[in-house]
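Let's take a walk through this protein together. Have the chain in view and follow along as we go.

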Amino acid sequence: MSFTAILRKSASAATPLASRLVRVGQRDYHSALKRQVNLPRKSPFFVPFLQRYCSAATETPRPSSTESLLRVIESEIKDAQENDDNDRVEEIPKDFPFKIDDNAGQQTVILTREYEGELVKVEVHMPDFVTGEENDVDDDKEQPVQSSIPLVVTVSKKSGTCLQFNCVAYADEITIDSISIGAPETSEDEMAFDGPNFHDLDENLKKGFHKYLEIRGIKASTTNFLHEYMISKDSREYMGWLSNLKQFIEA
């Protein structure tokens with residue numbers, strides 16, 4: 001027998017053997033996979049799971065920097081959840097004169113009420129916190145700076161004319177920074193004159209404006225409640241911001 005004939009005979013004998021080995025290998029692979037995931041081959045979940053299982057092996061892994069950022073965010077969420085301010089709900093005092101309009105995701109709370117035909121609107125901003133660190137000191141007065149909340153109080157007449165006060169509320173104290181008068185025909189592009197520096201006004205005039213605000217509900221009992229309310233809101237908004245951030249990073 002020639003050498004060429006011997007090669008042809010060996011090749012023809014090896015082909016069926018190789019085919020059988022491939023089929024056996026495939027059966028063993030699928031059998032082992034079934035045992036691993038405990039799903040019967042006839043199960044309707046087997047094929048979808050197999051597809052996910054195989055595709056997972058070829059997926060591009062998430063960058064390590066992203067995983068690290070997610071762990072930090074999750075840690076912050078856990079700390080925020082353990083904070084008592086996160087789920088604390090401030091009870092509104094019975095004599096609180098304003099209606100509260102508080103929308104999640106907004107940095108301000110709007111208070112409204114009517115007083116003798118006037119509309120009183122208060123825009124309450126997030127508090128400026130004092131952390132107790134050495135930097136929280138007023139250099140001019142050499143005394144600790146207090147936590148505060150900025151307020152914009154607008155008193156409107158039915159004619160459309162309004163008086164706007166830019167205020168800052170501290171514990172048991174309200175300061176007025178400026179006062180401006182708005183007319184209904186004034187466009188948004190026109191800037192109203194804010195008047196002189198409030199602190200330069202005559203003392204009797206300053207006392208008169210403070211009394212004007214007080215009888216319309218802008219007083220210490222109101223702003224002290226707002227301090228607690230806005231601290232709780234700040235915690236809730238921070239939690240919501242963290243959750244939205246986590247969802248974005250994971251997407």
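**The sheet and what packs on it**

Start with the open sheet of this predicted model: it has 6 strands in the order S1-S2-S3-S6-S7-S8, and their pairing is antiparallel. Strands here are DSSP runs of E with at least two residues, helices are runs of H or I with at least four, and both are numbered from the N terminus; two strands pair if DSSP finds at least two bridges between them. At the edges sit strand S1 (99-101) and S8, each pairing on one side only. Neighbouring strands are turned by 20° against each other on average, direction ignored.

Now look at S6 and S7, which run antiparallel and are joined by 8 bridges. Leu151 has its bridge partner, Cys167, in S7. Helix H5 packs on the sheet, touching S1, S2, S3, S6, S7 and S8, and its direction makes about 125° with that of S6. For such angles, axes are lines fitted to C-alpha atoms (for helices over the stretch in contact), and values run from 0 to 180 degrees between N-to-C directions.

Leaving aside neighbours within four places in sequence, Val153 is in contact (heavy atoms within 4.5 Å) with residues including Val120, Val122, Leu163, Phe165 and Ile218.

A couple of ground rules: residues are numbered from 1 along each chain as its sequence is written, and side-chain values use heavy atoms, leaving out hydrogens and water. Because this is a predicted model, local features need pLDDT of at least 70 and side-chain atom pairs count only at pLDDT 80 or more, while totals for chains, interfaces and linings use all residues.
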